[in-house]
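Q: Could you take me through this model and say, for each label you attach to a residue or element, what justifies the label?

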Amino acid sequence: MVPTVLALIKNRQILTSFPTIYFINTNSSDNKLNLRTLCAIESASLHNPDSLIKFYTLSSINSDSVIEISKIPNVTTQLTTAEDILDNTPLSQWYSRGDYKNGPYEITHLSDAMRLALLWKRGGIYMDTDIWSVKGISNMSNNIAREDDRHVNGAVMIFDKHHPFLYDCMVQFVLGYKRDQFIAQGPGLLTKVMPIKMVYKWKLAYTFHLWNKVSGKVIAKIGNKLFLEELAKKNCPTVYKLMISMKILFQFTKLDLTSTQNLPSI
């Protein structure tokens, strides 16, 4: 019997035959994880049990969040810095100049840069923290999410280490940087470098995108028979139990177990 990733992690071994799945928290002031992020991590673990799930964060995560993540198999957290991930890439000098800090999309553009650099240096699968997995994708290679018939989207990216597409994206990222445009360094850049006609259109749904920018402030309650509740129940069962105890499906505010005892019953 082939050992699971969890068993290999406990034995301090590394499994290399399946791609690592990466999540990145680029907000250095954000040390609490919301329920949708926890569900994203668990659903990736559930549907890709042979892959190692690595959650990179630019800030230390509070103890409650660490406890919840520790319940999810084959998941590890790693404190990192943007300098470390962007080092030895075309994006390193862009980051050092700091021009992105003078624009309205500082965190978004830093996230766009870090996912390109991380995948180029290490290879694997990148997912946004508002992506819920509904089907395994660890058997795919060199693929990218399709937003619509005109654009690709960097919310899910699957590439080999040192793939030339990623390098081209990093070069164009720096040459055409527009700090005042939200999608210029994300979907706009990716679509420019990889025309939509070159992207394979998945015939099955592999992930569900919650679009934090649109739904981030929504508070959805358990028991309202929402489609999202069924998704959570099936794809992140451990986190779903936490949702039931909190009587909230997901919320914009961060996870703080000590503050959930006085929530009104519904």
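**Labels and their grounds**

A: The model is a predicted one. Strand β2, residues 53–57, is a good place to start: five of its five residues are buried, so the strand is largely enclosed by the rest of the structure.

Q: What makes both faces of β2 count as covered?
A: In a regular strand the side chains alternate between the two faces of the sheet. In β2, I53, F55 and T57 lie on one side and K54 and Y56 on the other, and all of these are buried, the label for a relative accessible area under 20%.

Q: How do you know that β2 pairs with other strands, and in which sense does each pair run?
A: Pairing requires at least two bridges between the strands. Five bridges join β1 (residues 21–25) to β2, and these two strands run parallel; β2 and β3 likewise pair in the parallel sense, over five bridges. Each of these pairs therefore satisfies the requirement of at least two bridges. As individual positions, N25 stands opposite T57 in β2, while Y56 has Q78 in β3 as its bridge partner.

Q: Why is N74 called buried, and what does its side chain contact?
A: N74 has a relative accessibility of 3%, and since buried means under 20%, the label follows. N74 is placed in the loop between α3 (63–70) and β3 (75–79). Its side chain makes a polar contact with the side chain of S45 at 2.6 Å, where the cut-off for such a pair of N or O atoms is within 3.5 Å.

Q: Why is the contact of D84 with R122 called a salt bridge, and what does it tie together?
A: The side chains of D84 and R122 meet with an N to O distance of 3.8 Å, and the definition asks for a side-chain nitrogen of Lys or Arg within 4 Å of a carboxyl oxygen of Asp or Glu, so the pair qualifies. D84 lies in helix α4 (residues 82–86) and R122 in helix α6 (residues 106–122), so the bridge ties together parts that are 38 residues apart in sequence. As for their surroundings, D84 has a relative accessible area of 40% and R122 one of 33%; partly exposed is the label between 20% and 50%, so it applies to D84 and to R122.

Q: What makes the pair R179 and D99 a salt bridge, and where do the two residues lie?
A: The distance from N to O is 2.6 Å, which is within the 4 Å limit. R179 lies in the loop between α7 (164–175) and α8 (187–193), and D99 in the loop between α5 (91–97) and α6, so the pair ties together parts that are 80 residues apart in sequence. R179, at 30%, is partly exposed, and D99, at 29%, is partly exposed as well.

Q: How do you know that R115 is buried, and which residues does its salt-bridge network join?
A: R115 has a relative accessibility of 8%, which falls under the 20% limit and therefore earns the label. R115 forms a salt bridge with D112, the closest N and O atoms being 3.8 Å apart; both residues lie in helix α6, three residues apart, about one turn of the helix. Salt bridges that share partners join D112, R115 and D128 into one network. The structure holds four salt bridges.

Q: How do you know that the length of α6 agrees with that of a helix, and what makes it largely enclosed?
A: At 1.5 Å a residue, the 17 residues of α6 should span 24 Å, and its end C-alpha atoms are 24 Å apart, which agrees. Of those 17 residues 12 are buried, so α6 is largely enclosed by the rest of the structure; among the buried ones are H109, L110, M114 and W120. Just after α6, G123 takes a positive phi of about 70 degrees.

Q: What is the volume of the largest cavity, and which residues line it?
A: Rolling a probe the size of a water molecule over the atoms shows where empty space is left. A search of the whole structure finds one cavity of 30 Å³ or more, and the largest cavity has a volume of about 40 Å³. Its lining consists of D112, R115, L116, G154, Q185, G186 and L190, and the largest share of that lining, three residues, comes from α6.

Note on methods:
Residues are numbered from 1 along each chain as its sequence is written. Side-chain values use heavy atoms; hydrogens and water are left out. Helices (H or I, at least four residues) and strands (E, at least two) are DSSP runs, numbered from the N terminus. Buried means under 20% relative accessible area, exposed over 50%, partly exposed in between (1.4 Å probe, protein chains only). A polar contact is a pair of N or O atoms within 3.5 Å; within protein, one must be able to donate a hydrogen and the other to accept it, and residues adjacent in sequence count only if both atoms are side-chain atoms. The expected span of a helix is 1.5 Å times one less than its number of residues. On a 1 Å grid over the protein atoms alone, a cavity is a set of points where a 1.4 Å probe fits but cannot get out, and a pocket is an open set with protein on both sides within 12 Å along at least five of seven lines; lining residues have an atom within 4 Å of a point. Grid points are joined across faces, edges and corners, and a volume is the space filled by probe spheres set on the points.
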